[in-house]
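Let's take a relaxed walk through this structure. Keep the 3D view open and follow along as we go.

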Amino acid sequence: MNLAFRNAVEGGDEKPKLPGSLQVNRRLDRWLTLHAEGHASIHPGKVELGQGILTALAQIAAEELDITLAQLRIVPATTPGSPDEAVTSGSLSVQESGMALRHVCAEARAICLEVIAQRSGVVREDIAVHDGVFLAPDGRVLGSYWSLANADLLRVEGTPGIELKPATARRLAGTSSARLDLPDKVFGAPRYIQDLRLPGMLHARMVRPASRGAALLALREGTLPDDAVIFRDGSVLAAIASAEHHAEAAAARLALRASWSDAATLPDEGSLEAWLEAAPAEESVVLERLAETPPPAHRVARRFFRPFLAHASIGTCCAIARWEGEVLHGWTHSQGIYNLRADLAKALRMPAENILLRHVEGAGCYGHNGADDVMLDAALVARAHPGRPVRVLWSRAEELGWGPLSPAMLVLVQAEAAADGSLLRWSQRVVSNGHSGRPGRGALPTLLAASMLADPFPVPPSINPPLAGGGGGQRNAVPQYRVPALRIDLARVTEMPIRASALRGLGALVNVWAIESAMDDLAHAVGEDPLAYRMRHLDDSRARDVLAKATEMAGWVTRGKREGIGQGLAVARYKGTGAWCAAVVEIEATERILCRRIWLAGDVGEVINPDGAINQYEGGAIQATSMCLLEAVRHDARTITSDAWERYPILRFSEVPEVETHLIARPEAPPLGAGEASLGPVIAAIANAIHDALGVRVTRWPFTPENIALAMEDK
Amino acid sequence: MAFVLNGDEVAPAIEPDASLLAALRGPLGLSGTRYGCGAEQCGACLVLVDDAPAYACTLPVKAVAGRRVTTVEGLGSEAAPHPLQRALLDEQAGQCGFCLSGITLRAVALLRTNPTPKAAEVRAALDPQLCRCGSHNRIVRAVLRAAAEMAA
């Protein structure tokens, strides 16, 4: 995912502790440049995915430097120009990149102040910094950052324990600055990678096999439109043309002329659950706490099943590649350009140093979609056209069907409680493919085309980060409630017929749904309100606070019972180490379930940009509503069939609930990422609201009339 | 094959059967109109033809000969924004923003025929438009804000 993942796997280093990604990219000038023209530029390795991170990072940097946002530029991430911050994922960018930049800018400010003090003779403590200008107490201008631009002051490593601006002095971090990238997007200015046009650029479209793992046997000869030509390496097939629509038309013709071997490698859609149970798996104990407990008075045992899900970006994946001799230049919307570089080097069998990647914004990805895969596609095709930039754009069918998907999951929960309702024992078993097939982590490349080359690489089964790195399938599998005996198991399915990787929230979506459903069941069994029942099992005061706030916003305690309407709540701390979120939802159970209202209370510690964080909570809530009410990847034995929007429906405007969000202010607490906190609680709260309305416990995803009918049979 | 694009007469060098989307993003060099699905299912490519919403991904360019085509670039600019564009920024109504061009044009078409829509009418009008980030409610608020401003 990110550096947290890497540290959990490889162990940290022995160097003195610096904040976030500064620990592994220690030089200040790796992060910050002062320019004589009157501005500063920051070079974060984290990238904009539509989550607004660049705006937040700019606020943090400008704050510590005491410059305006207009005086700050953000340099797009490149290899090798940017610090290696691994992957922009896991809701860790504020912690890893933001805290590094905060330190860098505070130290840069201190260094510059020291120089100005020495030069001017004014005591350092008496010098004020205003919009980048250093002022003496009498208002005299002593210099500026820009006057020091050529002094090479930042060619030093960060110093641990540098003094940061106190929370009470912040004037920019903590305010809802407008998103820096949004105007371009509103006015249709070229900003996305899809908009990039390089001189002499060729366009390519890939032609995918008729079934997963099928080999290209033959390609019938025939004419192609205009100047279109073919690219083929093993079963990697593409059409290339000067004009984009000619490449598209040529690819359509090639698809008709290609014959593929027949491969039926996918499990039957109707028996995915059985496949998960029977498939070979690597077993591990996530956490075990032994305790003698008395015989229970109440017991809940449930199994929760969710099929594969798609990231379903509105834009399709795109990359541009150009070869200059032995050097590959790539333009990519990857979440982790260094990780991508590592796998490109493996797949292309070349040194990583010869790969120069540049990040360009794409549409929202919500995790590991095909952004990395398409870069290899482009690199392969461009290698046949030296010196020419080649742009590959995926089709909608590729976007929904050929990118990595979030793996199907089975979560089995058993919980026991005493007669007074006190939890005694909890066991949870998580079964799924690994949740990370990201590049750059193993000996084999994970990129789509790598397994389809004439000289192919085997596809490595996806992995789960360890719990200390956030976990994958086991993310949020450890209940936050006080319980004496605990056992959490993880079975990572090692047979991977469908490429599995990270989707926003990873295993937390299903684990929180499972835990919060079981808690509701126990509350009902004990005859207690779900709010009170949770509260008395929560030791974490910040979890209690968000739960109290969300239920207050929703009027939970005084809620009435209305026919066909249900209310439910849920709470979780993302990954057990991230942001908190409590959700209360109101659903309407008609011929199908409609989620009408959501109340969210969140806690991200220090909030860098309140509106940006709220936007993430809200967006996550709406996306989660879509996922649990509507979404499931469809497939047959040969291929993914939900490769068009009509077969992979997502929530539409008139189905979107009203969302009210409140963030609890904690300016002194370390900041935490907001991007993934709300999804699990919202899904669980919807499930609990369905129970409230209909008296049935949904244990199969999505919560469609068919699956609710099955739940009724279960009763 | 000539048509009026954002107020200017144009004659793109492209086959008459090519899609309007290909003409816009190709020879006409305007990338604000997005490719999303190529099948009229997401609305990312939505433009206005003679003020009515049309999917540029499937519409042959010959079908707009002699007609008026409006894309997001024709609505306004940072210096002179359309009221809806200003409202979208005021409401910070976007995350990744990829869906916004089509949504903006669909909403502009709505406001032409129904200058004072209710929230439910805005939602119903925008139902053919997909957004994955969950910016829907902010977008609806922006449309209502723009309607109020345009009525004032």
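How do β3(B) and strand β5 of chain B pair, and over how many bridges? They pair in the antiparallel sense, over 2 bridges, with β5 covering residues 68-70 of chain B. Keep in mind that this is a predicted model.

**Strands in chain B**

Let's stay with β3(B) for a moment. On top of its pairing with β5(B), β3(B) also pairs with β4(B), again in the antiparallel sense, and here there are 4 bridges. These two strands, β3(B) and β4(B), make a hairpin with 2 residues between them. In that turn, look for B:Asp50, which has a positive phi of about 50°.

A good residue to click on is B:Leu48. Its bridge partner in β4(B) is B:Pro53, and in β5(B) its bridge partner is B:Thr70.

Here are three residue pairs to find in the viewer, two from chain B and one from chain A that we'll come back to.

| Residue | Bridge partner | Strand of the partner |
|---|---|---|
| B:Leu48 | B:Pro53 | β4(B) |
| B:Leu48 | B:Thr70 | β5(B) |
| A:Ser41 | A:Arg73 | β3(A) |

**Chain B as a whole**

Now zoom out. Chain B has 6 helices and 5 strands. Reading from the N terminus, its elements go β-β-α-β-β-β-α-α-α-α-α. Chain B has a radius of gyration of 15 Å, close to the 15 Å that the globule rule gives for 152 residues, so it is as compact as a globular protein of that length. Its C-alpha atoms fill a box of roughly 40 × 30 × 25 Å along the principal axes.

How much of chain B counts as buried? The figure is 58% of its 152 residues. Contacts in chain B also reach across the sequence: among those between residues at least 6 apart, 62% join residues at least 24 apart.

Chain B is split into domain 1 (3-75) and domain 2 (83-151). The centres of these two domains, taken over C-alpha atoms, are separated by 20 Å. Where they touch, domain 1 of chain B gives 16 residues and domain 2 of chain B gives 15 residues. On the domain 1 side, the elements giving two or more residues are β3 (46-49), β4 (52-55) and α2 of chain B. Our hairpin strand β3(B) gives the most to that side, with 3 residues. By class, that side of domain 1 has 10 nonpolar, 4 polar and 2 charged residues.

**Where the chains meet**

Chain B doesn't sit alone: its contact with chain A takes 47 residues from chain B and 44 residues from chain A. On the chain B side, the elements that give two or more residues are α2 (72-75), α3 (83-90), α4 (100-113), α5 (119-126) and α6 (136-151). The residues on that side divide into 20 nonpolar, 21 polar and 6 charged.

**Over to chain A**

The domain assignment gives chain A domain 1 (3-166), domain 2 (201-262 + 318-395) and domain 3 (409-435 + 471-714). The C-alpha centres of domain 1 and domain 2 of chain A lie 37 Å apart. Between them, 13 residues of domain 1 of chain A are in contact with 16 residues of domain 2 of chain A. By class, the domain 1 side of that contact has 6 nonpolar, 5 polar and 2 charged residues.

Next, find the open sheet of 3 strands in chain A, with the order β1-β2-β3 and mixed pairing. Its edge strands are β1 (32-35) and β3 (72-74), and each of them pairs on one side only. Neighbouring strands in this sheet are turned by 25° against each other on average, direction ignored. Strand β2 (residues 39-42) of chain A runs parallel to β3(A), and 3 bridges join the two. Helix α2 (residues 53-65) of chain A lies across β2 and β3 of chain A, at about 145° to β3(A).

**One last residue**

Is A:Glu631 buried or exposed? It is buried, because 23 other C-beta atoms lie within 10 Å. You'll find A:Glu631 in the loop between α13 (610-630) and β24 (658-663) of chain A. Beyond its neighbours within four places in sequence, A:Glu631 is in contact with A:Leu309, A:Ser626, A:Tyr648, A:Ile650 and A:Pro702. As for A:Leu32, A:Glu631 is 599 residues away in sequence and 43 Å away in space, C-alpha to C-alpha.

Definitions and conventions. Residues are numbered from 1 along each chain as its sequence is written. Chains are lettered from A and ligands numbered from 1 in the order in which they are written. This is a predicted model: local features need pLDDT of at least 70, side-chain atom pairs count only at pLDDT 80 or more; totals for chains, interfaces and linings use all residues. Two strands pair if DSSP finds at least two bridges between them. Axes are lines fitted to C-alpha atoms, for helices over the stretch in contact, and angles run from 0 to 180 degrees between N-to-C directions. Two residues are in contact if their C-beta atoms, placed from the backbone, lie within 7 Å. Ala, Val, Leu, Ile, Met, Phe, Trp, Tyr, Cys and Pro count as nonpolar, Asp, Glu, Lys and Arg as charged, and the others, Gly among them, as polar. Domain bounds come from an automatic or database domain assignment. The radius of gyration is taken over C-alpha atoms; the globule rule is 2.2 Å times the number of residues to the power 0.38. A residue is buried if 20 or more other C-beta atoms lie within 10 Å of its own, exposed if 12 or fewer, and partly exposed in between; C-beta atoms are placed from the backbone.
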